Amino acid sequence: MGALIAVLLTLVMAVACTRQPAALGAAHATALGDSARAFLAEFTRLSAAAQWDSLSQLYSARSDFRFLESGEVRYASAGAIREALRGVPAGTRIRTEYTDVAVQPIAPGLAGVSALFSTRFVDSAGGGFGFAGAISLTLQRESAGWRIIAGHSSAPVRRGP
């Protein structure tokens, strides 16, 4: 019984001593939110301008990077996203509008972003296709600026009769 109490006390002390993330003051949280929104605007601008090399640099090279789409891991690395962007046909632009954007400051240099989106792939002749849905991103401030370290997008699924 004494050993069990010692183990429980050790666990309680370990949890109590765990370092909590640095708290964000209101001004810091606001600045972080503004900065994350500016990142999203730059992401949108680069996509619309078909600047794939610059756009691809906005994804983190972290080994644990993941991007999920509609129920599956679509890209297991930023390299996979870079490869997909290299495959976009010449003359194609990606135009995306975001609505209901929410930024959740998590800690200094870390933010969650969620939004509804409407995307249209437009080719040089003005044709293309579009889709809409929801997106969530986890952004981390790295030495070169904000980078996407994880993301998810999905399209609405009809439910019921």
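**Exercise 1. The chain as a whole**

What percentage of the 161 residues of the chain count as buried?

*Solution.* Begin with what is being examined: this is a predicted model, in which local features need pLDDT of at least 70 and side-chain atom pairs count only at pLDDT 80 or more, while totals for chains, interfaces and linings use all residues. Residues are numbered from 1 along each chain as its sequence is written, and side-chain values use heavy atoms, with hydrogens and water left out. Next, take the cut-offs: buried means under 20% relative accessible area, exposed over 50%, and partly exposed in between, with a 1.4 Å probe and protein chains only. By this rule, 27% of the 161 residues are buried.

**Exercise 2. Order of the elements**

State how many helices and strands the chain has, and in what order they come.

*Solution.* Helices (H or I, at least four residues) and strands (E, at least two) are DSSP runs, numbered from the N terminus. Counting them gives four helices and six strands, and reading from the N terminus gives the order α-α-α-β-β-α-β-β-β-β.

**Exercise 3. The surroundings of Gly-133**

Find the element that holds Gly-133, and decide whether this residue is buried or exposed.

*Solution.* First, place Gly-133 in strand β5, which covers residues 128-142. Then compare its relative accessible area with the cut-off: Gly-133 is buried because that value is 12%. Finally, look at its contacts (heavy atoms within 4.5 Å): apart from residues up to four places away in sequence, Gly-133 touches Ala-115, Leu-116, Phe-117, Ser-154, Ala-155 and Pro-156. Of these, Phe-117 is 16 residues away in sequence, yet its C-alpha lies 5.5 Å from that of Gly-133.

**Exercise 4. The largest nonpolar core**

Work out which element gives the largest share of the largest nonpolar core.

*Solution.* A nonpolar core is a set of buried Ala, Val, Leu, Ile, Met, Phe, Trp, Tyr and Cys residues joined through side-chain atoms within 4.5 Å. The largest one has 27 residues, and among those with the most contacts inside it are Val-113, Leu-137 and Leu-139. Several elements give two or more residues to this core, including α2 (26-48), β4 (110-122) and β5, and the largest share, six residues, comes from α2. To follow one member further, consider Val-113, whose contacts beyond four places in sequence include Ala-36, Leu-40, Val-101, Ile-135, Leu-137 and Leu-139.
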